[in-house]
Amino acid sequence: MDIDTKPGFQVLSFINSDLKIRDYRKQRPHRKSRSGCVPCKEKKVKCDECKPMCVRCRRNRRTCAYDRPYEGEHEYNIMGGVAITKLSTVSSITALYPSPKNGTPGIQLLHHFCTNWDAIFRMPGRDELVSLSQSNSLIRNTLLAITACYLRHMSPRILQHRIAEHFYQSLAIQDFQTALETPSKSLGQQGVNALLLAALLLNMIAFTLPYQGNGVEDDPKSSWVFSFREDRLGWLALQAGLRPLSISLSAYTEKTVAFLDPIMFGHGKAGWREIRKFQSLSIVPESWIRAFKLKHDSFSCKSNNADQIDIFGPAMIALAYLRSIHPPHSMILLNWVFLMKIHGNLKSLLYNRDERALWLLGYWLGLMCRYEGIWWCERRVRRDYEAVCMRLHELHLGERAGVDGLYWKDMMQELEHAPVLERREG
């Protein structure tokens, strides 16, 4: 058998039992991908480079992490709030964005909320918030917690997202508690701005229903309205604290509102500033006032007396304003004004399922139902709104004797129409 004597390797192969000799051919030069995730590199398998979690890591339930961004890919520079071509190193910011053990890495969450901002937050103030997160741990941990909550909502079976959500939410609450215990003079205007902003944003997590896997959490009968658990209104604790918090920081309110409006609603749009113009029951429907037995001349928004007016009045004014508008989804956080008007006694009445308190919260939930497709609130507001309606119908309020029955019949009709109210012109 003649064998070629030219230098180089030769390879033997058996095909159809015939011995053949073929020359070895060097593999064609190619660029190796340097942008795959760390686990795929360690396994020496092809990575699809999907962020925040590649398909292989998702399938194998591994923690997916990238040690460097794509070459040429635009990453977000948290140090300056502007887009740059490349981050020189991830290690320079990992100290700001620690990762929970076995949870979704902080740097991965940072990348996700920068590139998916509109889907997660629906607020125009991305640049301002990302820049603020670099210097303020409360805002930083709040944004990371919300992003992890979003990923958990979108992929509920991935444990890493749930771990990260609890991890960053715990950090945010610790920062929040520290800020609450700090005198307002020490916080200063910027500290107060961050405190109130975080208080508003953390409501997004409180509103997101936990995942149980069997769909029972969407059943109105599973709502707190029909529960007898002592902690059934635990999700409302943060919201109920907004009113005393805003009152205690009233000296900073004007500048804080000027700070919040551009972030939440866009430059040139008056969100909180517009609502603050309404301070009397004059915009509240007369049927509401009569059903709740309120008197115009005894109302004072600044009163500290826990009478009927102070408990129900501010919340009614907020609802009367919100029912007259139907802004785009980007304005949904405008509805937090109702939460800022929840009196401590109103929460107690809700706990005891008082029909007036239930109607107020139910009407607000109905108004929130108009904002379809909002990931953090759609399921809860729909479930709890239906639960409140069921509970109030069980009480047969419209069948009460005298004018009370007539008033409540009208109130129940208004409650049922809340989710379909259209924006009124003028």
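This tour moves through two helix contacts, then a pocket and a cavity. The model is a predicted one.

**Stop 1: helix 6 and helix 7**

Select residues 126-135, which form helix 6, together with helix 7. Their axes lie 6 Å apart, and the two helices pack at an angle of about 120°. Helix 6 and helix 7 are therefore oblique to each other, since an angle that is neither under 35 degrees, nor over 145, nor from 65 to 115 counts as oblique. The crossing of helix 6 with helix 7 is left-handed. Now display the side chains at the contact: helix 6 contributes L129, L132, S133, Q134 and S135, while helix 7 contributes S137, I139, R140 and L143. Coloured by class, this contact shows four nonpolar, four polar and one charged residues.

**Stop 2: helix 7 and helix 9**

Keep helix 7, residues 137-154, and add helix 9, residues 184-201. How far apart are the axes of helix 7 and helix 9? They are 10 Å apart, and the packing angle is about 15°. That angle makes helix 7 roughly parallel to helix 9, because angles under 35 degrees are placed in that group. This crossing, too, is left-handed. On the helix 7 side, select L138, I139, T142, L143 and I146; they meet A194, L195, L197, A198 and L201 of helix 9. The residues of this contact comprise nine nonpolar, one polar and no charged.

**Stop 3: the second largest pocket**

Next, select T208, L209, P210, W235 and R380, which lie nearest the centre of the second largest pocket. In total, 25 residues line this pocket, and its volume is about 580 Å³. Helix 8 (159-180), helix 10 (203-207) and helix 20 (378-394) are the elements that each give two or more residues to the lining. Which helix supplies the largest share of the lining of this pocket? Helix 8 does, with four residues. The lining of the second largest pocket has eight nonpolar, eight polar and nine charged residues.

**Stop 4: the second largest cavity**

The structure holds two cavities of 30 Å³ or more. To find the second largest, select H153, F207, T208, L209, W375, W376, C377, E378, R379 and R380, which line it. This cavity has a volume of about 30 Å³. Helix 20 provides the largest share of its lining, three residues. By class, the lining of the second largest cavity divides into five nonpolar, two polar and three charged residues. T208, L209 and R380 appear both in this lining and among the residues nearest the centre of the second largest pocket.

Technical notes:
Residues numbered from 1 in each chain as written. Predicted model: local features only at pLDDT ≥ 70, side-chain atom pairs only at ≥ 80, totals over all residues. Heavy atoms only, no water. Axes fitted to C-alpha atoms, helices over the stretch in contact; angles between N-to-C directions. Left-handed = near helix turned anticlockwise from the far one by under 90°. Contact = heavy atoms within 4.5 Å. Nonpolar A, V, L, I, M, F, W, Y, C, P; charged D, E, K, R; others polar. 1 Å grid on protein atoms, 1.4 Å probe; cavity = no way out; pocket = protein on both sides within 12 Å on 5 of 7 lines; lining within 4 Å. Points joined across faces, edges and corners; volume = space filled by probe spheres on them.
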